[in-house]
Amino acid sequence: MNNMTTLQHSEIKAYFKTSTHVVGHAFKVTLYKRLIGMVSKYALNQIVAEFERVNYANIDSARCGYIMRTTHGLPCACELARYVVVSIPLDTIHMF
């Protein structure tokens, strides 16, 4: 049982490492420059989906609802509205 758990843990670590280093062309813009190689592809995809809500929520926190921030530890739409011209800082992403 211990060997099986160790193998699964190694596979998960390898997958996560690959996920942080292999990114698509959609993330090679200035907005995501500080996150590439530091954040998983899943987290980047979640940020892209949330960034699409920026036009609706803008910086209005009442429209945004902070859902992405509270559930995933990722910047929500009203936070991302501040980073339209600059790249998203790494410290806006929760370490887990």
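Let's start at T30, which sits in the loop between helix α1 (2-21) and helix α2. T30 is partly exposed, with a relative accessible area of 48%. Now look for S87: in sequence T30 and S87 are 57 residues apart, yet their C-alpha atoms are 5.5 Å apart in space. That's a good first lesson in reading a fold, where distance along the chain and distance in space are separate things to check.

Before going further, keep in mind that this is a predicted model. How confident is the prediction? The protein chain averages a pLDDT of 82, and 90% of the residues score at least 70. Confidence is lowest in helix α4 (residues 61-64), where the mean is 76, and highest in α5, where it reaches 90.

Next, follow the chain into helix α2, which covers residues 41-51. Which residues of α2 are buried? They are A43, L44, Q46, I47 and E50. These residues lie on the same side of α2, because they cover an arc of only 160° around the axis. The general rule behind this kind of pattern is simple: an α-helix has 3.6 residues a turn, so residues three or four places apart point the same way. And what covers the buried residues of α2? The cover includes α3 (54-57), α4, α5 and α6.

One of those buried residues deserves a closer look. E50 is found in helix α2, and its relative accessible area is just 7%. Its side chain is busy in two directions. In one, a polar contact of 2.7 Å joins the side chains of E50 and R53. In the other, the side chain of E50 reaches the backbone nitrogen of A77 at 3.0 Å. If you set aside its neighbours within four places in sequence, E50 is in contact with C64, M68, P75, C76, A77 and L80.

The E50 and R53 pairing brings us to charges. Side chains of opposite charge can pair when their charged atoms come close. How many salt bridges turn up in the whole structure? A search finds 2. R53 forms one of them with E50, and the closest N and O atoms are 2.7 Å apart. The two partners have different surroundings: R53 is partly exposed, at 26% relative accessible area, while E50 is buried, at 7%.

The other salt bridge joins R69 and E79, with the closest N and O atoms 3.0 Å apart. This pair links distant parts of the chain: R69 belongs to helix α5 (residues 67-72) and E79 to helix α6 (residues 77-80), 10 residues apart. Here again the arginine is partly exposed, R69 having 25% relative accessibility, and the glutamate is buried, E79 having a relative accessible area of 12%.

Between those two helices you'll find C76, in the loop between α5 and α6. Is C76 buried or exposed? It is buried, with a relative accessible area of 0%. Leaving out neighbours within four places in sequence, C76 is in contact with E50, C64, Y66, M68 and R69. Two salt-bridge residues you've already met, E50 and R69, are among them. R53 is worth locating from here too: the C-alpha atoms of C76 and R53 are separated by 8.8 Å, while the residues are 23 apart along the chain.

With cysteines in view, you might wonder about disulfides. A disulfide is a covalent bond between the sulfur atoms of two cysteines. How many does a search of the whole structure find? The count is 0. The sulfur of C76 is 3.5 Å from the closest cysteine sulfur, in C64, and that is too far for a bond. C78 is in no disulfide either, since its nearest cysteine sulfur, that of C76, is 3.5 Å away. C78 is buried as well, with a relative accessible area of 2%.

Our last stop is Y66, one of the contacts of C76. Y66 lies in the loop between α4 and α5 and is partly exposed, at 36% relative accessibility. What stands out here is the backbone. Most residues other than glycine have a negative phi. Y66 is not a glycine, and yet it has a positive phi of about 55°.

Key: Residues are numbered from 1 along each chain as its sequence is written. This is a predicted model: local features need pLDDT of at least 70, side-chain atom pairs count only at pLDDT 80 or more; totals for chains, interfaces and linings use all residues. Side-chain values use heavy atoms; hydrogens and water are left out. A salt bridge is a side-chain nitrogen of Lys or Arg within 4 Å of a carboxyl oxygen of Asp or Glu. Buried means under 20% relative accessible area, exposed over 50%, partly exposed in between (1.4 Å probe, protein chains only). Helices (H or I, at least four residues) and strands (E, at least two) are DSSP runs, numbered from the N terminus. pLDDT is the predictor's confidence in each residue, from 0 to 100. Contact means heavy atoms within 4.5 Å. A disulfide is a pair of cysteine sulfur atoms within 2.5 Å. The arc is that of the directions from the helix axis to the C-beta atoms. A polar contact is a pair of N or O atoms within 3.5 Å; within protein, one must be able to donate a hydrogen and the other to accept it, and residues adjacent in sequence count only if both atoms are side-chain atoms.
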